[in-house]
Structures are given as structure tokens and as C-alpha cells.
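Colleague: I'm new to this one, so could you take me through a single part of it up close?

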Amino acid sequence: TMSPQQIDELRRTEIRTAMLENISPKDHRHRSHRKKTGASLSFLEMSNLMVASWKSTDDFTRDVFEELAEVGRKMYRKRVAEYQDNYPVRIMKLSNFVSLPTAHHPQHSQQHPQHPQQHPL
């Protein structure tokens, strides 16, 4: 027989093994959720199924998925840093732009009175 700790470690390993390949974004043009089910699932139906499944998931499994999410965040940050190192000219800081007053948001002209007519380009 296995101890509870061994069972948890086995569960963690199985979840991580199954999910690690799915951390990075994939090409979703084939819409496998539609092909595999045989029936057409709308985005809303698929979302509802995922929400119901997540709500019924136990705390241990959620923790494993949170660990995987952190792995994914680290991978993403690394890719962004590599991109910024390789393409520094394409990176523009938001602070380089000035909010311009628009017809929909006239309050912007009061927020930035020192730059009423300035445009970043």
C-alpha cells in the first residue's frame, strides 16, 4: 500500500506529465474541441464545462495546476525577455505616448493640460 504522501506525489506527477506539453500556446486553427467531441460545442458551452470542472476539482489538484501556471508564467517572461533582447528597436514604452483628448473622453484634456495638442508621432 502507498502512503497518502506517495499517492499525492503520484497524482502530481501524472497531472504534470499530462499538462506540461500544454503550457505553451499552440496553433488552435484546427479547433480540436470541435473535432474530438463529434458534436459542435459553442465557446459558451465549452466555458461552462470548464468552469463546472474547475469548481468540482479538489484543492490538491488546484495546487498542482497553480504550480503549472507559475511554470507557464516563468516561460512567458523568459520569452518576452528574449524577444526584448533580440528586437529592442521594436519595443516602445507606454510612457512615450501622451493621452490625447477624444470625443468620447473629454476629461483627458483636463488631465493633461500641459500637452493639449501634442501627438507622439
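Does α1 pass α4 in a left-handed or a right-handed crossing?

Modeller: It's a right-handed crossing of α1 past α4, meaning that the near helix is turned clockwise from the far one by less than a right angle (anticlockwise would be left-handed). Keep in mind that this is a predicted model, where local features need pLDDT of at least 70 and side-chain atom pairs 80 or more, while totals for chains, interfaces and linings use all residues. Residues are numbered from 1 along each chain as its sequence is written, and side-chain values use heavy atoms, without hydrogens or water.

The chain has five helices and zero strands; these are DSSP runs numbered from the N terminus (H or I, at least four residues, for helices; E, at least two, for strands). Helix α4 covers residues 59-86, and its axis lies 10 Å from that of α1, at an angle of about 45°. That makes the pair oblique, the label for whatever isn't under 35 degrees (roughly parallel), over 145 (roughly antiparallel) or 65 to 115 (roughly perpendicular).

Met-19 belongs to α1, and its C-alpha atom is 7.9 Å from that of Leu-68, although 49 residues separate them along the chain. Met-19 counts as partly exposed because its relative accessibility is 29%, between buried (under 20%) and exposed (over 50%), with a 1.4 Å probe and protein chains only. Met-2 sits in the segment before α1 (4-19) and is partly exposed too, at 45%. Across the chain's 121 residues, 8% count as buried.

Note on methods: Axes are lines fitted to C-alpha atoms, for helices over the stretch in contact, and angles run from 0 to 180 degrees between N-to-C directions.
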